[in-house]
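Good morning, everyone. Please look at the screen, and I will walk you through one protein.

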Amino acid sequence: MSSLGKRYARAAVQAAQEHDEVEALIRDIIAFRAQFRENAELQQLLTNPALVNDRAPVLDTILEKSGLCASARNLVRTLAERDRMNVLHDVVEAAERIADELAGRLHAEVWSPITLNDGQQRSLQDALEKRLGRAVMVDVNVAPELLGGLVVQVGDLKFDSSIKRQLEILRERLEAAAH
């Protein structure tokens, strides 16, 4: 995540706080990011220097029809005006983290060798919330190289119950015993 993206995210969240629309900002910029990724014409409009003179009126029309909250519209407009659409993903990621912190939610990055179904994800989330005493947002990634078990990262705290890690520990113990 770029420092530039973090700066834009902090400013956007701060502005959204003033209008009590932080959650709306996050929801809307996630939706806009998806639209931006999927729409080649929108990407062209917002990133092509040759279209800079045509950008503002077309973008204003798009944003007015989009249903985005005012804070999200202002953020997108600012990024487009300053030719910073390349940091949109970083801005969204950083804004999500900031909003989670403001709401007292922790963010857990989870790696599993298989895709977890909704029930498994909910059970994991419940267990983490019980263990950590706070609301936890869980983001699950598939990592087949783990073979089994899970790796969970919450801030600086890491839980590694993967078979891969257990095998590494066993190997280290065997090597230490051999010397």
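Let's start with leucine 174. Is leucine 174 buried or exposed? Exposed, because its relative accessible area is 56%, and exposed means over 50%. Where does leucine 174 sit? It has its place in helix α8, which covers residues 163-178. Now find leucine 150. Along the sequence, leucine 150 and leucine 174 are 24 residues apart. In space, their C-alpha atoms are 23 Å apart.

A word of caution before we go on. This is a predicted model.

Next, proline 144. Look in the loop between β2, residues 136-142, and β3, residues 151-154. Is proline 144 buried or exposed? Its relative accessible area is 54%. The cut-off for exposed is over 50%, so proline 144 counts as exposed. Now look for isoleucine 114. Proline 144 and isoleucine 114 are 30 residues apart along the chain. Yet their C-alpha atoms are separated by 6.5 Å.

Third stop, glutamate 21. This residue is in a loop too, between α1 (3-18) and α2 (22-38). Glutamate 21 is buried. Which side chain of opposite charge is nearest to glutamate 21? That is arginine 73, 7.4 Å away. Glutamate 21 has no salt bridge. What does glutamate 21 touch? Leave out residues up to four places away in sequence, and the answer is Ala16, Cys69, Ala70 and Ser71.

Now step back to the whole protein. How many helices and strands are there? We have 8 helices and 4 strands. Read them from the N terminus: α-α-α-α-α-α-β-α-β-β-β-α.

What about the overall dimensions? Along its principal axes, the C-alpha trace spans about 70 × 35 × 30 Å. The radius of gyration is 21 Å. For a compact globule of 179 residues, we would expect a value near 16 Å.

Then the contacts. Take those with a separation of 6 or more. Of these, 63% join residues 24 or more positions apart.

On to burial and surface. Buried residues are 35% of the 179. The accessible surface is about 10,900 Å². Carbon and sulfur atoms hold 50% of that surface.

Last, the charges. The protein carries 23 positive and 28 negative side chains. How far apart are the centres of the two sets? They lie 4 Å apart.

To recap the three residues: leucine 174 is exposed, proline 144 is exposed, and glutamate 21 is buried. Thank you. I'm happy to take questions.

Notes: Residues numbered from 1 in each chain as written. Predicted model: local features only at pLDDT ≥ 70, side-chain atom pairs only at ≥ 80, totals over all residues. Heavy atoms only, no water. Helix = DSSP H or I, 4+ residues; strand = E, 2+ residues; numbered from the N terminus. Rg over C-alpha atoms; globule rule 2.2 N^0.38 Å. Buried < 20%, exposed > 50% of the residue type's maximum accessible area, 1.4 Å probe, protein only. Contact = heavy atoms within 4.5 Å. Areas by Shrake-Rupley, 256 points an atom, 1.4 Å probe, with all protein chains shown as cover. Lys, Arg positive; Asp, Glu negative; His and termini not counted. Charge placed at Lys NZ, Arg CZ, Asp CG, Glu CD. Salt bridge = Lys/Arg side-chain N within 4 Å of Asp/Glu carboxyl O.
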